[in-house]
Amino acid sequence: MKPAPFAYTRARSLDHAIELISKDPESTKVLAGGQSLIATLNMRLSAPTLLVDINGLTALKEISQTDGYLEVGALIRQREAERSPDIARYAPLFARALPHIAHPAIRNRGTIGGSIAYADPAAELPACLLALDGEAEIAGPAGRRTIKADGFFKGLFETALTASDVLTAIRLPIATPDSRIGFAELARRHGDYAVVGVAASARKDGYVLRDVRLAFFGVGTMPTRARKAEAEIAGRAIDQDRIDAATAALAHDLDPASDVHASSAAKKHLAAVLLKRVALQLVEPMP
Ligand SMILES: Cc1cc2nc3c(=O)[nH]c(=O)nc-3n(C[C@H](O)[C@H](O)[C@H](O)COP(=O)(O)OP(=O)(O)OC[C@H]3O[C@@H](n4cnc5c(N)ncnc54)[C@H](O)[C@@H]3O)c2cc1C
């Protein structure tokens, strides 16, 4: 299919982008890598009258360190992030998750910001942002604001971004020697969206893990923390009993609906299998 007719403008600056969007936010879409947006236009799931191309905004293409956070510009391509020494060293959970997104051709164009803003419930990066207790940097007509991942994802393809906003960057707490991460997903073929997946982070404190965060994806309308399972793992030495308790608690955390890929029961089973894998990864030293 072909998209409905639309106008196209290249933004010259962030202010220019916001000015263009603000004229008619509900009928305007930001164009980043286009890997999700163009498909939705072609399928006429979306019919904006104006696309504002932000690819020329160099300020959104930087990776920097500030206040203990790695700030990753929204326009950093997924492939660029995958090859970035800074991401590998300071945000290894992202480094581990990125190769699971689609294929290199798609990651060459798809952006970090596009994935977070689009917020597909089966996508890897939104869950990683949530697992890391990261933040979203947003610019809009009223100025700039920062929102924690726990408050950023609101529902199916719905985030704290309004139609007038541009996501400018994400902020990830810089990994330290006591940081621990885990990542596992099951997809029908490598590169497909996950049937179920989990991104995890924790802090090693002697023999125990603290600040455990388990963010599942593919199990609902948005990335979802398994808080009861987190509580079973946190503050105690990890052994088989702990892992069994966490997987039992998971039944109270997740209630995935059946979809075309798997029944609700199958998703719950897969989530428990993946939790066992990441629980073991969490006690391993950082890569
Ligand atoms: C065949 C195929 C397989 C894929 N498999 C996976 C997969 O396994 N896992 C996965 O996570 N993704 C997958 N994707 C999606 C891919 O990761 C996209 O790149 C990503 O979802 C969107 O990023 P983008 O930069 O292309 O954004 P676009 O397509 O340009 O935009 C997507 C949406 O986000 C909005 N948006 C984009 N950037 C901003 C911003 N800075 N501020 C505000 N709004 C913004 C747009 O307006 C649009 O609504 C796949 C895509 C394809 C085509």
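**Notebook: ligand site and strands**

I began with the ligand and noted that one of its oxygen atoms lies 2.7 Å from a polar backbone atom of G34. I record here that the model is a predicted one.

I then looked up Q35, where a polar backbone atom is 2.8 Å from an oxygen atom of the ligand. I found a further entry of this kind at G191, with 3.3 Å between a polar backbone atom of that residue and a ligand oxygen. I next examined how far the ligand is covered: on its own it has 960 Å² of accessible area, and the protein covers 87% of this.

**The site**

I asked which pocket holds the ligand. I found the ligand in the largest pocket. I listed the elements that give two or more residues to the shell around the ligand, and these are β2 (28–31), α7 (112–118) and β10 (166–173). I noted that α7 gives the most, with four residues.

I recorded that 30 residues surround the ligand. The closest are V30, G34, L37, T111 and E124. G34 thus appears in my notes twice, once among the closest residues and once for its backbone atom at 2.7 Å from a ligand oxygen. I sorted the shell by residue type and obtained 15 nonpolar, eleven polar and four charged residues.

**The four-stranded sheet**

I turned to the strands and recalled that strands of a sheet pair through backbone hydrogen bonds, either parallel or antiparallel. I traced an open sheet of four strands in the order β11-β12-β13-β14, and its pairing is antiparallel. I identified β11 (179–186) and β14 (224–225) as the edge strands, since each pairs on one side only.

I followed β13 (residues 208–217) to β14 and found two bridges between these antiparallel strands. I noted A215 opposite R225 of β14.

**The hairpin**

I asked how many bridges join β4 to β5. I found four bridges between β4 (residues 63–66) and β5 (residues 69–73), and the two strands run antiparallel. I placed I63 opposite V72 in β5. I noted that β4 and β5 form a hairpin with two residues between them. In its turn I marked D67, which has a positive phi of about 50°.

Methods. Residues numbered from 1 in each chain as written. Predicted model: local features only at pLDDT ≥ 70, side-chain atom pairs only at ≥ 80, totals over all residues. Heavy atoms only, no water. Near = heavy atom within 4 Å. Polar contact = N/O pair within 3.5 Å; in protein donor to acceptor, adjacent residues only side chain to side chain. Areas by Shrake-Rupley, 256 points an atom, 1.4 Å probe, with all protein chains shown as cover. 1 Å grid on protein atoms, 1.4 Å probe; cavity = no way out; pocket = protein on both sides within 12 Å on 5 of 7 lines; lining within 4 Å. Sits in = over half its atoms within 2 Å of the grid points. Nonpolar A, V, L, I, M, F, W, Y, C, P; charged D, E, K, R; others polar. Pairing = 2+ DSSP bridges.
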